[in-house]
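Here is a note for someone reading a protein model for the first time. Please keep the structure open beside the text and look up each residue as it is named.

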Amino acid sequence: MKLRPALLVKRHWKAWVPAAGVHDTVGQAVNYLLGQDENRERIRREFGIEIRRVIAVVLIDHPDLQPQVAEDEINEALRTFNTHLNRVEVMTYKKLVETVEPSLGGSLRRATSPQGFGQTPQLSV
């Protein structure tokens, strides 16, 4: 799932926490997982796919689109949030690219900039 919320995080007391749009999208992901769980037997029978341990990734916008908050603060808020979730992980588009880039053996141009969000990444080796 991909989300372009107005805010990635908001200030709550003395900490940054995921904003409402992130929570809403996680709720939507959980509902999708529930639907798959409820139809597990039919999915296995009709498509031959076992979905018992399926997970969801909620991909939120680029941290540079909320420049008043340091990227490390956004990442820490999401890391803390993710520790309380089961079967759902929330990450920024930039973090996704940084995670998969070493596996691709090159760099994904434009993908780590907010202007490149949603565009087809270019692989350079």
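**Notes on the model**

1. Helix α4 has three buried residues, namely Tyr 93, Lys 94 and Val 97. Seen around the axis, they cover an arc of only 85 degrees, which puts them on the same side of α4. Pro 102 and Ser 103, by contrast, are exposed on the other side of the helix. The helix itself runs over residues 93–104, and its first and last C-alpha atoms lie 16 Å apart, close to the 16 Å expected for twelve residues at 1.5 Å a residue. Just after α4 comes Gly 105, which has a positive phi, near 70 degrees.

2. Before going further, please bear in mind that this is a predicted model. The average pLDDT of the protein is 85, and 80% of the residues score at least 70. Where should a reader be careful, with pLDDT under 50? That stretch is residues 117–125, for which the model nevertheless has 28 contacts beyond four places in sequence. As a general caution, predicted coordinates should not be read in detail where pLDDT is low.

3. For the overall plan, the protein has four helices and six strands, and along the sequence they follow the pattern β-β-α-α-β-α-β-α-β-β. Of the 125 residues in the protein, 34% are buried. If one takes the contacts with a separation of 6 or more, 55% of them are accounted for by residues 24 or more positions apart.

4. Helix α1, residues 20–38, invites the question of how its length compares with what its 19 residues should span. At 1.5 Å a residue the expected span is 27 Å, and the end C-alpha atoms of α1 are 27 Å apart, which agrees. The buried residues of α1 are Val 22, Thr 25, Val 26, Ala 29 and Leu 33. Looking down the axis of α1, one finds these buried residues within an arc of 105 degrees, so they line one face of the helix. This is easier to picture if one recalls that an α-helix has 3.6 residues a turn, so residues three or four places apart point the same way.

5. It is worth asking what covers the buried residues of α1. The cover includes the strands β2 (15–18), β3 and β4 (88–92), together with the helix α3 (71–82). On the face of α1 turned away from its buried side, the exposed residues are Asp 24, Asn 31 and Glu 38.

6. The strands β3 and β4 deserve a look together, for they pair in the parallel sense over five bridges. Two of the partnerships can be followed residue by residue: Leu 59 has Met 91 in β4 as its bridge partner, while Val 57 has Glu 89, also in β4. Strand β3 is mostly covered, with four of its five residues buried, and β4 is mostly covered as well, again with four of its five residues buried.

7. Turning to charged side chains, the structure holds ten salt bridges. In general, side chains of opposite charge can pair when their charged atoms come close. One of these salt bridges joins Arg 40 and Glu 50, at 2.8 Å from N to O. Arg 40 lies in helix α2 (residues 40–47), whereas Glu 50 lies in the loop between α2 and β3 (56–60), so the pair ties together parts that are ten residues apart in sequence. Are these two partners buried or exposed? Arg 40 counts as buried because its relative accessibility is 17%, under the cut-off of 20%, whereas Glu 50, at 40% relative accessibility, counts as partly exposed.

8. Two further salt bridges involve Arg 44. With Glu 41, the closest N and O atoms are 2.6 Å apart, and with Glu 50 the closest N and O atoms are 2.7 Å apart. Glu 41 and Arg 44 are three residues apart in helix α2, which means that about one helical turn separates them. Glu 41 is partly exposed, with a relative accessible area of 44%, and Arg 44 also counts as partly exposed, at 32% relative accessibility. Taken together, Arg 40, Glu 41, Arg 44 and Glu 50 are linked in a network of salt bridges.

Methods: Residues numbered from 1 in each chain as written. Heavy atoms only, no water. Salt bridge = Lys/Arg side-chain N within 4 Å of Asp/Glu carboxyl O. Buried < 20%, exposed > 50% of the residue type's maximum accessible area, 1.4 Å probe, protein only. pLDDT = per-residue confidence, 0-100. Contact = heavy atoms within 4.5 Å. Expected span 1.5 Å × (residues − 1). Arc of directions from axis to C-beta. Pairing = 2+ DSSP bridges.
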